[in-house]
Amino acid sequence: MSSRERRRKIQTEDNLLSANPNTLDPKTADAIGFGLGDLALEIAAADNDFQAIEAVSIQEIHPNSIQPRYSIPHDLTDIFALHPGNIVDIFERWIIEVQLETGQKDFDILPYLQGQATSRGARAESDAPDQSAADQPLFGKETALMKIVDLAASIRRDGLSNPISLVRHADHYEIETGERRWLAYHILYWKFGDGDRRSDGSVVNWSRIPARVVNQVDVWRQASENNARDNLNAISRARQLSLLLMDLHGWDNFVKIDACENEQAFYAQVADGAAWRIPRGQGERLLNAMGLSDAGQLRQYRALLRLPADLWRRGDDENLTEGELRKMKAALDNVTRVTIQKSKSKKDAVARLAADATQWRNKLRKEINSLDNNNKPKIRRLIEAEIRQLMRLIADIDESHT
Amino acid sequence: MKIITLLNEKGGVGKTTLATHLSAGLAIRGKRVILVDADPQGHATIAFGLSKEPGFYDLIVRNAPFQKVLRPVPAERFNVPDEAHNTNGQLLVVPSNIETRSIAGNISDAFTVLKRFNQLRNAIDFVFFDTSPTPSLLHSSIYMATDGIIYPTKCEAWSFDGLRESLTHKDQFSPIRQQYNLNDIKVLGVVPTMYRGRTLEHQDNLRRLQDTFGSLVWKPLPVRTIWTEVASARRTVFSLAPGSGTAEDAWHLVDQLEDRIYEQP
Ligand SMILES: Nc1ncnc2c1ncn2[C@@H]1O[C@H](COP(=O)(O)OP(=O)(O)O)[C@@H](O)[C@H]1O
Ligand SMILES: [Mg+2]
């Protein structure tokens with residue numbers, strides 16, 4: 001075909017192609033036969049997931065009460081509600097507990113945040129459930145704190161590469177994913193405020209965190225984010241499994257977490273595998289979301305929902321593995337069987353508990369007194385919190401006494 | 001999803017021609033492909049008979065949904081005529097116009113492009129970026145998202161300057177990418193274009209290219225007048241002259257790309 005013939009042919013064909021594809025979005029294009037099929041739907045779904053990133057005030061953000069991972073040790077959240085106004089108090093208290101726990105009176109997080117010190121790296125990183133904190137059980141609070149401090153230091157150094165996701169409510173935002181990144185921003189705002197100048201010369205305001213606002217908490221998105229970012233410990237995985245099961249069975253079937261006696265009771269609502277079976281055809285999805293490979297493992301994690309309360313908390317704070325928890329539960333079952341038979345008086349146990357508490361409190365008081373005087377208001381707050389905790393303890397004892 | 005960028009800080013070396021034909025070739029072979037026109041001149045947009053509009057600008061600066069900016073290319077425009085009806089793959093274009101020039105001044109960080117295209121990582125197999133010759137912050141953002149780079153170059157001594165420039169720019173980004181745990185950008189090929197095999201100058205320069213870049217250098221794409229016709233017909237050579245030697249040359253480019261993408265490191 002000569003060049004001229006070809007050109008003529010092109011012109012006529014161009015007329016045939018008169019539908020201007022330029023005016024069509026993929027859906028319309030599909031309708032008139034460009035054959036985009038599933039692709040148009042997949043693109044639409046990706047668009048729905050995408051939301052513009054906003055800078056949201058860290059004070060307007062509240063944690064999600066059913067986030068499976070608990071970033072802060074339980075005895076701190078027992079004293080201070082996990083509320084944006086309490087975060088600095090929590091960290092102050094936490095630092096003091098680390099000082100007590102490790103015996104390093106001058107322990108401070110500032111050098112880590114400034115990059116002058118590196119955290120006892122491997123130790124802080126190793127939250128893979130398999131390398132349990134068992135080899136350093138005394139330093140549980142330090143490890144958990146340094147994980148957040150390390151995160152804060154890396155955000156200060158490199159920026160936040162992945163925005164958190166939030167759900168908008170009438171007067172606040174709720175975290176869908178990114179509780180630890182939000183805590184890290186609190187630390188950075190506490191220590192550096194707004195207008196912080198980074199080593200590369202850029203200036204950052206830590207009072208606001210980049211966030212994507214989503215329509216509602218999606219436990220499946222939460223699960224995939226959790227699996228991608230960080231290994232969850234066994235208790236967190238049990239919580240995650242529980243959330244996914246509740247989602248599969250419908251949330252209307254379950255009591256809300258605020259109405260439950262404690263957080264474990266909320267998740268334990270699906271502990272009964274016969275009552276809350278994995279719906280047909282959902283096994284694969286559940287395994288994928290949990291990052292597990294067989295149904296036996298699902299059963300083992302589900303069984304954790306029935307752990308005794310103290311073991312549940314200890315497992316969470318010390319990152320114990322599913323296997324460790326299972327063994328401890330078995331051992332405990334044996335022991336309680338024996339002690340229930342033997343126990344002469346419950347009173348003795350209660351008295352011992354009270355004595356322990358007093359001793360612990362006195363030790364803490366002494367440590368607080370030894371802090372320098374510049375920290376007066378901080379000390380007062382600590383003591384107040386201390387007294388509150390003690391009163392709660394006494395109330396518990398009274399209750400179990402009667 | 002693989003993101004591939006056509007790059008040379010020089011105009012008229014065949015970036016757009018390669019971008020349109022590599023993306024069309026993979027789409028014909030069943031892949032889901034997006035071609036992003038990142039050049040304010042909008043040549044890749046009009047290459048498929050689409051009209052220029054601020055698609056890329058809207059996507060990056062105004063966070064427009066993909067549905068609003070993606071334009072499907074009718075199979076007749078890019079596929080082999082008799083087989084247009086049984087294309088399994090898809091070719092979509094993010095169009096460009098002069099507004100693309102102001103993207104650089106409006107993006108907040110170097111990860112903007114990466115973040116946007118990451119959304120489609122499960123839906124799309126390949127994304128090609130056809131870039132403009134003038135380096136800007138937009139180029140940095142595209143580099144950040146890129147898995148592999150293809151450098152088309154003419155075989156005239158002066159075109160190598162642009163190539164050398166581009167290669168040093170690429171190296172600048174590698175420490176930053178490492179910091180963010182991204183793989184190093186892979187150079188998928190240095191492609192000699194508009195090659196005149198009979199001239200000693202071109203032969204010499206091809207040899208120099210091969211000495212410098214070794215097996216990265218693809219088989220040269222010979223100069224042919226039909227390429228200009230292809231451009232003005234707003235189609236691919238696969239669609240316009242399916243049986244021609246030039247169509248064969250173009251298929252060979254697609255083969256070489258596939259070889260390099262799927263080869264074991
Ligand atoms: N192998 C070739 N032989 C002849 N002309 C070519 C060849 N490759 C590209 N062209 C033509 O050269 C011009 C510039 O090519 P183009 O792909 O637009 O380069 P760039 O995008 O680098 O500016 C276009 O008109 C194109 O049709
Ligand atoms: Mg071009």
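Contact here means heavy atoms within 4.5 Å. With that cut-off in hand, a good place to begin in this predicted model is Leu286(A), which touches Trp220(A), Leu241(A), Leu244(A), Leu245(A), Leu248(A), Ile278(A) and Leu298(A), leaving aside residues up to four places away in sequence. Leu286(A) belongs to helix H13 of chain A, which spans residues 283-290. Its relative accessibility is 0%, so Leu286(A) counts as buried. One of the residues it touches is Leu298(A); the two lie 12 residues apart in sequence, and their C-alpha atoms are 8.8 Å apart in space.

The chain around this residue can be described in a few totals. Chain A contains 18 helices and seven strands. Of its 402 residues, 44% are buried. Among the contacts in chain A with a separation of 6 or more, 70% are between residues 24 or more positions apart. The accessible surface of chain A is about 21400 Å², and carbon and sulfur atoms account for 49% of that area.

Chain B has 12 helices and seven strands. Buried residues make up 61% of its 265 residues, and its accessible surface comes to about 10700 Å², with 47% belonging to carbon and sulfur atoms. For contacts in chain B with a separation of 6 or more, residues 24 or more positions apart supply 78%.

The seven strands of the sheet in chain B form an open arrangement with mixed pairing, in the order E3-E4-E2-E5-E1-E6-E7. Strands E3 (71-72) and E7 (186-193) of chain B stand at the edges; each has a single partner strand, so one side of each is left without a neighbour in the sheet.

Strand E6 of chain B, residues 148-154, is a helpful one to follow through this sheet. It runs parallel to E7(B), and seven bridges join the two. Along this pairing, Ile150(B) stands opposite Gly189(B), while Lys154(B) stands opposite Thr193(B). Strand E1 of chain B, residues 2-6, also runs parallel to E6(B), joined to it by three bridges, and here Ile4(B) stands opposite Gly148(B). Seven of the seven residues of E6(B) are buried, so the strand is largely enclosed by the rest of the structure. The covering extends to both faces: Gly148(B), Ile150(B), Pro152(B) and Lys154(B) are buried on one side, and Ile149(B), Tyr151(B) and Thr153(B) on the other.

Attention now turns to ligand 1. There are 15 residues around this ligand, and those that come nearest are Gly12(B), Gly14(B), Lys15(B), Thr16(B) and Thr17(B). By character, the residues of the shell divide into seven nonpolar, six polar and two charged. Several backbone atoms approach oxygen atoms of the ligand. A backbone N or O atom of Gly12(B) lies 2.6 Å from an oxygen atom of ligand 1, and a polar backbone atom of Lys15(B) is 3.0 Å from an oxygen atom of the ligand. For Trp227(B), the distance from a backbone N or O atom to an oxygen atom of ligand 1 is 3.4 Å. On its own, ligand 1 has 560 Å² of accessible area, and the protein covers 80% of it. Two elements of chain B give two or more residues each to the shell around ligand 1, namely helix H1 (15-28) and helix H10 (226-233).

Notes: Residues are numbered from 1 along each chain as its sequence is written. Chains are lettered from A and ligands numbered from 1 in the order in which they are written. This is a predicted model: local features need pLDDT of at least 70, side-chain atom pairs count only at pLDDT 80 or more; totals for chains, interfaces and linings use all residues. Side-chain values use heavy atoms; hydrogens and water are left out. Helices (H or I, at least four residues) and strands (E, at least two) are DSSP runs, numbered from the N terminus. Buried means under 20% relative accessible area, exposed over 50%, partly exposed in between (1.4 Å probe, protein chains only). Accessible areas come from the Shrake-Rupley method with a 1.4 Å probe; for residues, only the protein chains shown count as cover. A residue is near a molecule or strand if one of its heavy atoms lies within 4 Å of it. A polar contact is a pair of N or O atoms within 3.5 Å; within protein, one must be able to donate a hydrogen and the other to accept it, and residues adjacent in sequence count only if both atoms are side-chain atoms. Ala, Val, Leu, Ile, Met, Phe, Trp, Tyr, Cys and Pro count as nonpolar, Asp, Glu, Lys and Arg as charged, and the others, Gly among them, as polar. Two strands pair if DSSP finds at least two bridges between them.
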